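Here is a short report on one protein chain. Keep the structure in view as you read, and find each residue as it is named.

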Amino acid sequence: MKKYIVETYYTCTFKTVHNLSNLDDVELSKIDQRTDGEVEVISVKLNNRKTKKIGNKKDEKLKDSKLDKALPNTITNKLQNVNNEHKDNSVSLKVKNNSRFKMPDRRKGYIQKAQIGDHKVYLHTGEYDDGKIGEIFIDTNKEGELVKAMMNNFAIAISLGLQYGVPLEEYVDAFIDTKFEPSGNVIGNDRILSASSILDYVFRELAISYLGKEELAHTPSIISTKNLDIEKEDDKFLKIVKNITSKGFVRSNYEEKLVDLTDIRINLKSKN
């Protein structure tokens with residue numbers, strides 16, 4: 001058992017009520033000297049609470065050493081190992097939570113140009129080696145410097161969140177169907193025909209390209225997506241295509257995007 005001393009501080013607010021027969025300056029000057037007032041407590045607040053442990057560290061060490069002597073060596077060793085494992089796990093968890101998965105210097109991605117109303121929007125994406133999105137850039141025209149700076153910093157904030165492990169689904173749920181100008185018909189995107197804002201268009205496009213959320217698209221996919229079997233995933237050529245192709249650009253339809261060149265013959269003979 002450990003003993004503690006608790007120091008508690010309170011703030012008490014109260015008022016004193018006096019009955020005056022005459023309300024004049026003479027009576028008011030004597031009110032501080034009167035002792036016949038009634039005291040009423042208004043409120044009592046707890047300011048802070050401090051605790052002090054009773055006992056020295058030497059006493060604790062002596063108690064621990066006595067317990068170690070009383071217990072068998074096997075039990076004490078197990079207890080020490082458990083404590084060390086808990087410390088290692090806590091350290092590793094802290095490192096994982098604070099780790100940032102930086103983007104490679106040379107990365108894949110795509111650029112999507114679209115027009116919302118009278119405003120042109122350029123969406124740039126950056127991907128990791130495995131095809132996951134890690135950053136975005138949003139460029140617009142016909143906007144002032146303030147709006148461009150805000151959109152640029154907003155894209156940086158989204159990119160940092162993605163690199164620290166925030167799922168893209170969270171951003172999609174947060175910014176889909178946001179409404180502000182510019183809004184209206186979308187020209188230049190084969191899957192999105194209208195948007196209620198720039199953010200609605202951007203995250204709708206990202207959800208279709210990287211998450212496969214076809215319910216957010218206004219038009220059906222031109223090429224039907226097929227689930228790749230395990231045997232097809234083991235194809236070496238298909239793996240090479242996945243490594244060098246942007247997942248967002250082909251919208252995960254790697255197999256349908258391939259072009260069969262087996263029947264094409266190229267004459268490499270030079271003319272004399």
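Start with isoleucine 136. Setting aside neighbours within four places in sequence, isoleucine 136 is in contact with Leu123, His124, Thr125, Ala155, Ile158, Ser159 and Leu206. Keep in mind that this is a predicted model.

**The nonpolar core**

Isoleucine 136 belongs to the largest nonpolar core, which has 32 residues. The members that touch the most other members are Ile136, Ile138, Ile158, Tyr201, Val202, Phe203 and Leu206. Which elements give two or more residues to this core? There are three strands and three helices to find: strand E3 (111-116), strand E4 (119-127), strand E5 (133-140), helix H4 (145-163), helix H5 (168-175) and helix H6 (198-210). H6 gives the most, with 9 residues.

**Helix H6**

H6 deserves a look of its own. The helix has 13 residues. From first C-alpha to last it reaches 18 Å, close to the 18 Å expected at 1.5 Å a residue. Is H6 enclosed or open to the outside? Count the buried residues: 13 of the 13 in H6 are buried, so the helix is largely enclosed by the rest of the structure.

Now look at its two ends. At the start of H6, a side-chain oxygen of serine 197 comes to within 3.1 Å of the backbone nitrogen of aspartate 200. After H6 comes glycine 212, whose phi is positive, near 70°.

Serine 209 also sits in H6. Its relative accessibility is 1%, so serine 209 counts as buried. What does its side chain meet in a polar contact? The partner is the side chain of tyrosine 110, at 3.4 Å. Leaving aside neighbours within four places in sequence, serine 209 is in contact with Tyr110, Lys247, Gly248, Arg251 and Ser252.

**Salt bridges**

How many salt bridges does the structure hold? The count is 4. The table lists some of them.

| Acidic residue | Basic residue | N to O distance |
|---|---|---|
| Glutamate 135 | Arginine 107 | 2.7 Å |
| Glutamate 214 | Arginine 191 | 2.4 Å |
| Aspartate 200 | Arginine 204 | 3.0 Å |

Take the pair of glutamate 135 and arginine 107, joined by a salt bridge. This pair links distant parts of the chain, 28 residues apart. Glutamate 135 is in strand E5, while arginine 107 is in the loop between helix H3 (73-97) and E3. Glutamate 135 is buried, with a relative accessible area of 10%. Arginine 107 is partly exposed, at 34%.

Next come glutamate 214 and arginine 191, whose side chains meet in a salt bridge. Glutamate 214 lies in the loop between H6 and helix H7 (230-233), and arginine 191 in the loop between strand E6 (184-187) and strand E7 (194-195), so the pair ties together parts that are 23 residues apart in sequence. Here glutamate 214 is partly exposed, at 33% relative accessibility. Arginine 191 is buried, with a relative accessible area of 4%.

Aspartate 200 and arginine 204 form a salt bridge too. Both lie in helix H6, 4 residues apart, which separates them by about one helical turn. Why does that spacing suit a pair? An α-helix has 3.6 residues a turn, so residues three or four places apart point the same way. Aspartate 200 is buried, at 2% relative accessible area. Arginine 204 is buried as well, at 9%. Salt bridges that share partners join Asp177, Asp200 and Arg204 into one network.

**Aromatic pairs**

Finally, turn to the rings. There are 5 aromatic pairs. The rings of phenylalanine 154 and phenylalanine 175 have centres 5.3 Å apart and planes at 90°, so this pair is edge-to-face. Phenylalanine 154 is in helix H4 and phenylalanine 175 in helix H5, 21 residues apart.

Phenylalanine 154 also pairs with phenylalanine 203. This pair is edge-to-face, at 6.3 Å centre to centre with 85° between the planes. Once more the pair links distant parts of the chain: phenylalanine 154 is in helix H4 and phenylalanine 203 in helix H6, 49 residues apart. Are these two residues buried or exposed? Phenylalanine 154 and phenylalanine 203 are both buried. Ring pairs link Phe154, Tyr171, Phe175 and Phe203 into a cluster.

Conventions
Residues are numbered from 1 along each chain as its sequence is written. This is a predicted model: local features need pLDDT of at least 70, side-chain atom pairs count only at pLDDT 80 or more; totals for chains, interfaces and linings use all residues. Side-chain values use heavy atoms; hydrogens and water are left out. A nonpolar core is a set of buried Ala, Val, Leu, Ile, Met, Phe, Trp, Tyr and Cys residues joined through side-chain atoms within 4.5 Å. Buried means under 20% relative accessible area, exposed over 50%, partly exposed in between (1.4 Å probe, protein chains only). Contact means heavy atoms within 4.5 Å. A polar contact is a pair of N or O atoms within 3.5 Å; within protein, one must be able to donate a hydrogen and the other to accept it, and residues adjacent in sequence count only if both atoms are side-chain atoms. The expected span of a helix is 1.5 Å times one less than its number of residues. Rings of Phe, Tyr and Trp (its six-membered ring) pair if their centres lie within 6.5 Å; planes under 30 degrees apart count as stacked, over 60 as edge-to-face and the rest as tilted.
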